[in-house]
Structures are given as structure tokens and as C-alpha cells.
Amino acid sequence: QWPFGFELLYSSSNREMPERSLVVRTLFPGERDRGAMLSGTGFNKKFHYRAAIVNGTGTTRSFDFNRRKDFVGRVGYSFGPVDAGLSAYRGAELVSLAGLPAGRSFDKQREGVDIQWKTPLPGLRLRGEYISGVQPPATGALATAARAADVSGWYAYAIQDVGKRHQFVVRADQYDPDHDRAGDATRTLGGAYSFRWDANSKVMLAYERPELQRNDPDDDVWTLRYQFAF
């Protein structure tokens, strides 16, 4: 897994919503990459770090088209009930463009900050993350107009556990794929209820309402999921 932020590294079996937020799914498709990672802890395990050298293509593509390797890493510290982290990604991507099949190299970078808080209220946890960076254009974009876009996104969770079996979640998130274009950001508001059947399985009912700033389609989503972890 790319060692970036909190949600990307958070286990799918523990996730409180059906899928990760849009900004994480977009900037880190497939969640994993090929490479080598170094990790460790310090200061009585309050400090932790992960640093990796990766291809940068993820697992959605089987071939790395450039010789350059990408760096990605996160450092975090635990302040008792509050955990905080800083993340960075530095790399490049060779993109095949219309009229330029040999491709052009674009910088690919992300910076992120994340925080998790176990509040004094019984069972209530808050979580948030902000990510910004530069994203290369999609394969096949026009060579004359193609440029790396300034992107950003965030998410915020409120998670309430009731006893050992019931969990209620509200999440808001937003992703802007290009700061220079107006009206193309997507904000999603959603929530979920989970019933922990036993230590290995749970049932989740979730609803999400994504809203595009301009020309918003009717694409609300209901999800009913039974999950078994082993």
C-alpha cells in the first residue's frame, strides 16, 4: 500500500463506509504499487514513519513507462487521544498524448495532513484529511493543451459507536480535479449504519449523495453489504 495519509492505509475490513473518499480513490487508484518500503517507530511508539520507493504506476498498469522512481512517505505522532500525520509524494509520469504518442513527462506530487481524535464523549471519534498536489493529464489528452492540473480534496468523518455492536457514521468529502476550471468539484455527503454480527462479520447500510458543482447528475447511491473478515 502507498504509505500516504490515513484512509489509504486503513484496513478495508475496518472501513466505516463502503468505499474510500473520492480524492483518495482518484489520486491513489488501486491503493498499491510495486516497490520497497522502510518503516519504524520511536519515542515509546508514539512516533512512526513509513517511506517507500515505488514505480508510480500502481497495480492498475503492469509496466512502468519511465526510468524514474517515485518517493512516498508519511510521518505520524500520537498525542494521547489525538493522532496526526504528514505525508508527501514526489514523482513523475510519462503520459501518451494525442499527436505525441511517445509521451511527455509530467510532475506528479501530493502533500497531505491527517488527524484522528478519540473525543471524551463515549464512543465518538472524529477523523479528517486534506490532500493537495499536481496531477498529470489523462492518456490521450491533446498535446497542445495538456498540462498538469492543481488538484485538492478533503474528507471528514464523525463515527459513533453504541455498545459493541452498533455504529453510526457521517462523512463529507470533496475533490477538485482542476483549480483553474470552475464548477468541476464534487462534494459528497453520506452516512452509514453498521451492525457487528460477531467478531468477524458485520452488516452495513450506507447512503451517499455526490453533488457536482455544475451539471450534477442524479447519482445517489444506496449500499447494503454483508462483510466477513478472515
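Me: Accessible areas here come from the Shrake-Rupley method with a 1.4 Å probe. How much accessible surface does the chain have, and what share of that surface belongs to carbon and sulfur atoms?

Reply: The model is predicted. Its chain has an accessible surface of about 12800 Å², and carbon and sulfur atoms account for 59% of that area.

Me: What percentage of the residues of the chain count as buried?

Reply: A residue is called buried when its relative accessible area is under 20%. By that criterion, 42% of the 230 residues are buried.

Me: How should the radius of gyration of the chain be read against that of a compact globule?

Reply: The idea is to set the value beside the one expected for a compact globule with 230 residues, which is near 17 Å. The chain has 19 Å, which agrees. As for its extent along the principal axes, the C-alpha atoms fill a box of roughly 60 × 50 × 30 Å.

Me: Which secondary-structure elements does the chain contain, and in what pattern?

Reply: There are one helix and eleven strands. Along the sequence the helix precedes the strands, giving α-β-β-β-β-β-β-β-β-β-β-β. Regarding contacts between residues at least 6 apart in sequence, 50% join residues at least 24 apart.

Me: How many cavities of 30 Å³ or more does a search of the whole structure find?

Reply: A cavity is a space where the probe fits but cannot get out. The search finds one of 30 Å³ or more, and the largest cavity holds about 50 Å³ of space.

Me: Which residues line the largest cavity, and which element gives the most to that lining?

Reply: The lining includes Asn-55, Gly-56, Thr-57, Arg-61, Asp-64 and Phe-65, and also Ala-92, Glu-93, Leu-94 and Lys-108. Strand S4, residues 82-97, contributes the most, with three residues. By character, the lining divides into five charged, four polar and three nonpolar residues.

Me: How much space lies in the largest pocket, and which residues lie nearest its centre?

Reply: A pocket, in contrast to a cavity, is an open set of points. The largest pocket holds about 330 Å³. Of its 19 lining residues, Pro-29, Arg-61, Glu-93, Lys-108 and Gln-135 lie nearest the centre. Arg-61, Glu-93 and Lys-108 also appear in the lining of the largest cavity.

Me: Which elements each supply at least two residues of the pocket lining, and how does that lining divide by character?

Reply: Helix H1 (22-27), strand S4 and strand S5 (100-118) each supply at least two residues. The lining comprises eight nonpolar, seven polar and four charged residues.

Notes
Residues numbered from 1 in each chain as written. Predicted model: local features only at pLDDT ≥ 70, side-chain atom pairs only at ≥ 80, totals over all residues. Heavy atoms only, no water. 1 Å grid on protein atoms, 1.4 Å probe; cavity = no way out; pocket = protein on both sides within 12 Å on 5 of 7 lines; lining within 4 Å. Points joined across faces, edges and corners; volume = space filled by probe spheres on them. Helix = DSSP H or I, 4+ residues; strand = E, 2+ residues; numbered from the N terminus. Nonpolar A, V, L, I, M, F, W, Y, C, P; charged D, E, K, R; others polar. Rg over C-alpha atoms; globule rule 2.2 N^0.38 Å. Buried < 20%, exposed > 50% of the residue type's maximum accessible area, 1.4 Å probe, protein only. Contact = heavy atoms within 4.5 Å.
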